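Subject: The structure we talked about

Hi there,

Here is the structure I promised to pass along. Have a look at it first, and then read on for my notes.

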Amino acid sequence: MNSEVTAFFPNLLPTASETEAVESDIQEDELGLTFFPNGVECESESVERTSSGPLRNADTSDDVLLERLARGDRESLALLFRRHAASVRHVAYRILRDEAEADDLLQDVFLFLFRRAALFDPSKSSAKSWIIQMAYHRAFDRRRYLSARHFYRAEELKDEVLNPSRD
């Protein structure tokens, strides 16, 4: 990760409560499909379930998961989502300053990973760094898009109408 990103996001790693919040939203149905908060689903046959309940596969590196995802393995997407969703959402929220937009960007980043995992080059950076960079750049693109459509000014006006300051 370059120094510009780390300077902007000194606390990039999610807290334990943020990670637990993402893990608590995960559900599994009777067919063995795992559903994540933003509609991502995967078959979970070969993914191990620990005694505490959440899906884990700690011995598989992110680089290998991205390689498998490039070949169409949906379980890899599920594991990458589990590992990096909180960090990606944290980056998105820090840039966009809106819960709904951060959730949309989270989904957009992992959809991008699903479609374009073959673009990842492990000789240039780590998988985690690449995923965070995708979130970072997409968040700024989204912020420019929203600013051009006066989204942030509309939010400020709504706050002023709801909470007028008394002089």
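Below is what turned up, starting with the helix packing and moving on to the salt bridges.

Please keep in mind that this is a predicted model.

**How α5 and α6 pack**

A good place to start is the pair formed by helix α5 (residues 99–116) and helix α6 (residues 127–148). Their axes lie 10 Å apart and make an angle of about 130°, so α5 is oblique to α6. The crossing of these two helices is right-handed.

If you want to see the contact on screen, select Glu-101, Leu-105, Asp-108, Val-109, Phe-112, Leu-113 and Arg-116 on the α5 side. On the α6 side, the partners are Trp-130, Ile-131, Met-134, Ala-135, Arg-138, Ala-139, Arg-142 and Leu-146. Sorted by class, the contact of α5 with α6 has 10 nonpolar and five charged residues, and no polar ones.

Two of these residues deserve another look. Leu-146, which sits in helix α6, is buried, because its relative accessible area is 5% and the cut-off for buried is under 20%. Leu-146 and Glu-101 are 45 residues apart along the chain, yet their C-alpha atoms are separated by 9.7 Å.

**A salt bridge across that contact**

Glu-101 also pairs with Arg-142: the two form a salt bridge, and their closest N and O atoms are 2.9 Å apart. This pair links distant parts of the chain, with Arg-142 in helix α6 and Glu-101 in helix α5, 41 residues apart. Are the two partners buried or exposed? Glu-101 counts as buried, with 10% relative accessibility, whereas Arg-142 is partly exposed at 29%.

**Other salt bridges**

Searching the whole structure gives eight salt bridges, and here are two more of them. Arg-89 forms one with Glu-99, where the closest N and O atoms are 2.4 Å apart. This bridge, too, links distant parts of the chain: Arg-89 belongs to helix α4 (residues 74–96) and Glu-99 to helix α5, and they are 10 residues apart. Glu-99 counts as partly exposed, since its relative accessibility is 45%. Asp-103 joins in as well, as Arg-89, Glu-99 and Asp-103 are linked in a network of salt bridges.

The other bridge is between Arg-68 and Asp-73, with 2.5 Å between the closest N and O atoms. Arg-68 has a relative accessibility of 22% and therefore counts as partly exposed.

**The loop between α4 and α5**

Which residue here has a positive phi although it is not a glycine? That is Arg-97, with a phi of about 55°. You will find Arg-97 in the loop between α4 and α5.

**How α3 meets α6**

Helix α6 has a contact with helix α3 (residues 62–70) too. The axes of α3 and α6 come within 8 Å and cross at roughly 65°. From α3, the contact uses Asp-62, Asp-63 and Leu-66, and from α6 it uses Ala-127, Lys-128 and Trp-130. By class, that gives three nonpolar and three charged residues, with no polar ones. Trp-130 is also listed in the contact of α6 with α5, if you would like one residue to centre your view on.

Happy to go through any of this with you on screen.

Best wishes

Definitions and conventions:
Residues are numbered from 1 along each chain as its sequence is written. This is a predicted model: local features need pLDDT of at least 70, side-chain atom pairs count only at pLDDT 80 or more; totals for chains, interfaces and linings use all residues. Side-chain values use heavy atoms; hydrogens and water are left out. Axes are lines fitted to C-alpha atoms, for helices over the stretch in contact, and angles run from 0 to 180 degrees between N-to-C directions. Helices (H or I, at least four residues) and strands (E, at least two) are DSSP runs, numbered from the N terminus. Angles under 35 degrees count as roughly parallel, over 145 as roughly antiparallel, 65 to 115 as roughly perpendicular and the rest as oblique. A crossing is left-handed if the near helix is turned anticlockwise from the far one by less than a right angle, and right-handed if clockwise. Contact means heavy atoms within 4.5 Å. Ala, Val, Leu, Ile, Met, Phe, Trp, Tyr, Cys and Pro count as nonpolar, Asp, Glu, Lys and Arg as charged, and the others, Gly among them, as polar. A salt bridge is a side-chain nitrogen of Lys or Arg within 4 Å of a carboxyl oxygen of Asp or Glu. Buried means under 20% relative accessible area, exposed over 50%, partly exposed in between (1.4 Å probe, protein chains only).
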